[in-house]
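Student: Could you take me slowly through the surroundings of the ligand in this model, and then through whatever in the backbone deserves a careful look?

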Amino acid sequence: MNDIGRAAVVTGLGAWVPPTVLTNEELAGRLDTSDEWIRSRTGIRRRHVIAPGEATGDLAVEAGKRALKSAGASSADVVVVATSTPDHPCPATAPDVADRLGLTGAAAFDIAAVCTGFVYALGTAAGLIASGFAQSALVIGADTFSTILAPGDRTTRAIFGDGAGAVYLRAGSAAEPGALMGLHLGSDGSRRDLIEVRAGGSRQRSTGLPAEEADTYFTMAGRAVFSQAVRNMAASVRSTARLAGWDTEDVDRVVLHQANARILAAVADQIDLPADRFPSNIDRVGNTVAASIPLALADACAAGDVRPGQRVVLGGFGGGLTWGSVALVWPDVPAVGPDHAPGS
Ligand code: COA
């Protein structure tokens, strides 16, 4: 990560999804959609959703607990929660999550980069460690998009699910397995309107007028997002592999944000890698936004598809627009997930 050989090293991986499952058939009973449409256009069969009264922080605590257990750690200098569905507009969710994990006193803050949030959070925490300002960090991606989707919107309801995933980082050497080797982050704010919740922020509240109900929900321009996601994730994975000193064809596994099974296939095609190097759990969890990458990684590790020693690139794309990816040689780290899912 820097020229003196100090790096942030992944030593723990945890995942959590809430127990309540929402199948395509159940959605089709409420909305004008079908299991066949959802599966063929997205690859999704089911997703998990929180219960009334639950919040993103609850999922973040469960994933964080499991990442700490996986790492055998009981402290962290930094706790970062990547989320676009914080428990409250103010304060950030991370200090409460840190406190509930017994990490009171740690630097704790949220990062909002929508579906790229986990990669941005990982890069930020890794920078704090590589620079010597921190020795360890818990990086959590958690979102509950079920709380911001319009009840009657068949497109977004079909795609998103709730969940959380986390990794633990400690200071180590750039030569160790698990050391973050290449990082590439980018954005294009001129396309911010492709993915948004229009109301609820200062731009709407400063008008002094109540928000239109439709503006309080998440919207996206699916087609445009699809092509931007493919283009930017493909370019980012290539850049990150190069930064790590690898040829793209040497990358063993590309764990991408799980937005749509067809997006994964299109990225594989663009960078000329076989589709079986792209682990996917989208059929079981849908698009879990900032949780998506660590959840897919935990699933792939549990299934033996991501193995110690493999060259791995983690990549994301989301609202902002934002994109990014990071490279590492996968370390010998157990993935600690929920008992009930999403592995089955
Ligand atoms: N069930 C049935 N029909 C649906 C539907 C659903 N759940 N969702 C949309 N449709 C309809 C549309 O209303 C449209 O109908 P029309 O032709 O009568 O207007 C038709 O299906 C085609 O819609 P379109 O948006 O062109 O479909 P698509 O093939 O592009 O698939 C997405 C839509 C959203 C699945 C796809 O664009 C996508 O995955 N985009 C990326 C979104 C994403 O992952 N964003 C998160 C941030 S990374």
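Tutor: A polar contact here is a pair of N or O atoms within 3.5 Å, and in this predicted model Arg-223 supplies one such case, since an N or O atom in its side chain is 3.0 Å from an oxygen atom of the ligand. Two further arginines belong in the same picture: a polar side-chain atom of Arg-154 lies 2.9 Å from an oxygen atom of the ligand, and for Arg-262 the corresponding distance from a polar side-chain atom to a ligand oxygen is 3.3 Å. Taken alone, the ligand exposes 970 Å², and the protein buries 76% of that area.

As for its location, the ligand sits in the second largest pocket. The elements that each give two or more residues to the shell around it are α2 (35-42), α6 (154-159) and α8 (222-243). In total, 23 residues surround the ligand, and the closest are Thr-33, Arg-41, Arg-154, Thr-155 and Asn-260. Sorted by character, the shell divides into 11 nonpolar, 7 polar and 5 charged residues, so that Gly, if present, is counted with the polar group.

Turning from the ligand to contacts within the protein, the count comes to 13 salt bridges. One of them joins the side chains of Asp-58 and Arg-100, with 3.0 Å from N to O. This pair links distant parts of the chain, with Asp-58 in helix α3 (residues 56-71) and Arg-100 in helix α4 (residues 94-100), 42 residues apart.

The backbone needs one piece of background: most residues other than glycine have a negative phi, and most peptide bonds are trans. Against that background, the bond that joins Cys-90 and Pro-91 is a cis peptide bond, with omega about 0°, and Pro-91 lies in the loop between β4 (78-82) and α4. A cis bond also runs from Gly-320 to Leu-321, here with omega near -15°, and Leu-321 is found in the loop between β12 (311-318) and β13 (322-329). Finally, Val-114 has a positive phi of about 50° although it is not a glycine, and Val-114 is placed in the loop between β5 (107-111) and α5 (117-130).

Notes:
Residues numbered from 1 in each chain as written. Predicted model: local features only at pLDDT ≥ 70, side-chain atom pairs only at ≥ 80, totals over all residues. Heavy atoms only, no water. Near = heavy atom within 4 Å. Polar contact = N/O pair within 3.5 Å; in protein donor to acceptor, adjacent residues only side chain to side chain. Areas by Shrake-Rupley, 256 points an atom, 1.4 Å probe, with all protein chains shown as cover. 1 Å grid on protein atoms, 1.4 Å probe; cavity = no way out; pocket = protein on both sides within 12 Å on 5 of 7 lines; lining within 4 Å. Sits in = over half its atoms within 2 Å of the grid points. Helix = DSSP H or I, 4+ residues; strand = E, 2+ residues; numbered from the N terminus. Salt bridge = Lys/Arg side-chain N within 4 Å of Asp/Glu carboxyl O.
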